[in-house]
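Grab the model and work through these exercises with it open. Each one has a task, then a solution you can follow step by step.

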Amino acid sequence: MMTRKEKVLWILYGIVLILLFLLSSTNLIIKEKETQIYGISVIIEDTSDDNYVNFRKGMDRAAMELHADVSFITLYDKGSRSQQEELILREQQDGCRALIVSPVNAEDIFKMQEDKRLSVPLVLLNSEAVAAGDGATERIGFDYYHMGQELGAQIRKEQQGKRLYILGRQDPDPVSIRFQDGILNVLEPEGYQVLFRNGRGGEDLKAAVRKILQEEKQAVIAALDPVSLTEAAQQLSEMEPDFEVGGLYGRGTTVRLLNYLDKGVIQGLCITDDFSAGYLSVRMAVDMVENRFVEDHDYLKSQCISRKDLHDEEYEKMLYPIE
Amino acid sequence: MKRKSKITIWLLAGLCGLLLLTGCDSKEKEGEKKMLRIGVSLYRGDDTFINNIRGELENCAKEYEKEHGVKVTLDIQDAKGSQNTQNNQVERFISLGCDVLCINPVDRTAASAMIEKVMTAEIPVVFFNRQPVEEDMDRWDQLYYVGVVARESAVLQGSIVVDRYREDPKSLDRNGDGVVSYVLLEGESSHQDSLIRTEWSIQTLKDGGVPIEKITGGIANWERSQASALMEQWLEQYPDTIELVVCNNDDMALGAIDAIERAKASGISLVGIDATTPGLEAVRSGKLMGTVSSDKEQYAGAIFTIAAAAAQKEPVPEELSLEEGKYYWSRQEIIVK
């Protein structure tokens, strides 16, 4: 026969068990914080993400940590202002909470904000334009003018001649123009003769490189964008050894470009910390959605490197980020 | 009587409600979805062939958007060679509400866990490049596979060498001893294509009358860096002996080329498979004797078309003739300079 004291103990034991069950397995006592998932759309100015590989890695990391659902969108035609505008409006209509845009033309986007057609928070990538309207806008990116100056200084240091061929695409994007201005800012006052060559795309750019080398053996070439640099490097690596180039320089962080640098086809390469750009842009977007203080990031890290720097620990972290 | 009519009214109201609900449901099912979300998981994003397919998939998505006016969101994730990571990615795709998944399995023998999850969530899957075992594929009628016939790739690769030998035996038998001495770079041992490619490539050489002698071989797991390390070692061990390098894919062939260039060796011919962008560059520049192209546009096109049809709950278009209603084999061709 159970005593009264034992009965009370058993009842208490039962109550404790029930309480523990309610605490651990249900939402009744401790309310679980509901995780808010924010839809964020990233729209770039290009048709492929070839130059955004590390950016995407950073973006994916931030998406996992900050519970964001990030869509990465490319254009149907490179540099199409109308397509980018359509995609921005489509994403807004489909309910994205913030936009990260590498603008074809930042003025178009500000105009959309002014006209109240664009109302979601916006993070602009690699744009120096300043918003005129009252839309919520933040900026993040790299100082391409300074990067151009650094590359100009490297060319001046490494090359004997005073002639430089600048290779780029027809209708260059604003980033390439800033990069070019930086190079010219250093080399023109030094008396360099600068010759411009351009092409529409792959074969056109390769033909331009062949023509440069026919005009001048040991020519020094600076490519304004990663595509032009890749085409130039490919062309040089396929040519006979007697077509030697004096030096090939440019910017970009793709694996192909790094391989060309490692093989000595490229002499100087300006690299950027794209992983941080991807991570921070998503974080800024989430902060803006949550109306939190958005940290200002001025310009992110970039550096001009040569072959010997490729296996430097500092640059390896930038170029091959651990996801 | 009063009670009876009340019951009748309630029953009628219930029936109307039910009809209304099912009506709404069927209306949604009949109409084409205006937005497709496709989850894509790659076994390793740095594999050049897989990366080429990924690029083509993105192009297909854009084409589909333009053609059908349906927004397509491609959620592409890299499993980095970890089946565990891929399982988590599949869970994430399901929780994000993907309409269909395209999976390039890390371990083709471990697809059952993923299949279990997608079957529960009723999300169709198009597997590609690494074929899950038959028992897994047979578990559900909404599982598809897109790939190439490994034996065909190997026979085509072998015939590149046979043709060259018939044209000019000395171009392969450099030392003139009447035998072509070769080394072999193989893919992962767990991949169904590795063994088949090796076996049939060599068999084609024998059948084609090329006198061959194997010096050595090794597994480089489809990777350029591993192939480069192996080749470097073999060039030291067997100087001036290797005349031909048979590689299970282009990345490994490029790794072998890297080692040959570093060692400043010459007179070695190489053949690959896949026709990746850098592989084609190497063929154009003469560093690679030839490769086998699996028509990536058609390959990715098949993956996307099947995925879109499955997501829209439509039958797969007839022009894609599926073997057993689930397997699609992409065509292949030889690429030489």
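**Exercise 1.** Is A:L151 buried or exposed? Work it out, then list the contacts of A:L151.

*Solution.* Keep in mind that this is a predicted model.

- Step 1: find the residue. A:L151 sits in helix 5 of chain A, which covers residues 144-158.
- Step 2: count neighbours. Within 10 Å of A:L151 there are 23 other C-beta atoms.
- Step 3: apply the cut-off. A residue counts as buried at 20 or more such atoms, so A:L151 is buried.
- Step 4: look at the contacts. Leaving out residues up to four places away in sequence, A:L151 touches A:I183, A:A222, A:Y249, A:G268, A:C270 and A:C304.
- Step 5: check a C-alpha distance. A:C270 is 119 residues from A:L151 along the chain, yet their C-alpha atoms are separated by 7.1 Å.

**Exercise 2.** Describe how helix 7 and helix 8 of chain A pack.

*Solution.* Two packed helices are described by the angle between their axes and the distance between the axes.

- Step 1: get both values. Helix 7 (residues 202-215) and helix 8 (residues 226-238) of chain A pack at about 55°, and their axes are 9 Å apart.
- Step 2: name the arrangement. That angle makes helix 7 of chain A oblique to helix 8 of chain A.
- Step 3: add the hand. The crossing of these two helices of chain A is right-handed.
- Step 4: pick out the residues. Helix 7 of chain A brings A:G202, A:L205, A:K206, A:V209 and A:R210, while helix 8 of chain A brings A:S228, A:E231, A:A232, A:Q235 and A:L236.
- Step 5: sort them by class. You get 4 nonpolar, 3 polar and 3 charged residues in the contact of helix 7 with helix 8 of chain A.

**Exercise 3.** Split chain B into its domains and say what domain 1 brings to their contact.

*Solution.*

- Step 1: set the bounds. Domain 1 of chain B is 35-148 + 296-331, and domain 2 is 151-293.
- Step 2: the C-alpha centres of the two domains of chain B lie 31 Å apart.
- Step 3: count the contact. It takes 9 residues from domain 1 of chain B and 13 residues from domain 2 of chain B.
- Step 4: find the main contributor. On the domain 1 side, the largest share, 3 residues, comes from helix 2 (residues 48-68) of chain B.
- Step 5: sort that side. The domain 1 residues of chain B that touch domain 2 divide into 2 nonpolar, 3 polar and 4 charged.

How values were computed. Residues are numbered from 1 along each chain as its sequence is written. Chains are lettered from A and ligands numbered from 1 in the order in which they are written. This is a predicted model: local features need pLDDT of at least 70, side-chain atom pairs count only at pLDDT 80 or more; totals for chains, interfaces and linings use all residues. Domain bounds come from an automatic or database domain assignment. Two residues are in contact if their C-beta atoms, placed from the backbone, lie within 7 Å. Helices (H or I, at least four residues) and strands (E, at least two) are DSSP runs, numbered from the N terminus. Ala, Val, Leu, Ile, Met, Phe, Trp, Tyr, Cys and Pro count as nonpolar, Asp, Glu, Lys and Arg as charged, and the others, Gly among them, as polar. A residue is buried if 20 or more other C-beta atoms lie within 10 Å of its own, exposed if 12 or fewer, and partly exposed in between; C-beta atoms are placed from the backbone. Axes are lines fitted to C-alpha atoms, for helices over the stretch in contact, and angles run from 0 to 180 degrees between N-to-C directions. Angles under 35 degrees count as roughly parallel, over 145 as roughly antiparallel, 65 to 115 as roughly perpendicular and the rest as oblique. A crossing is left-handed if the near helix is turned anticlockwise from the far one by less than a right angle, and right-handed if clockwise.
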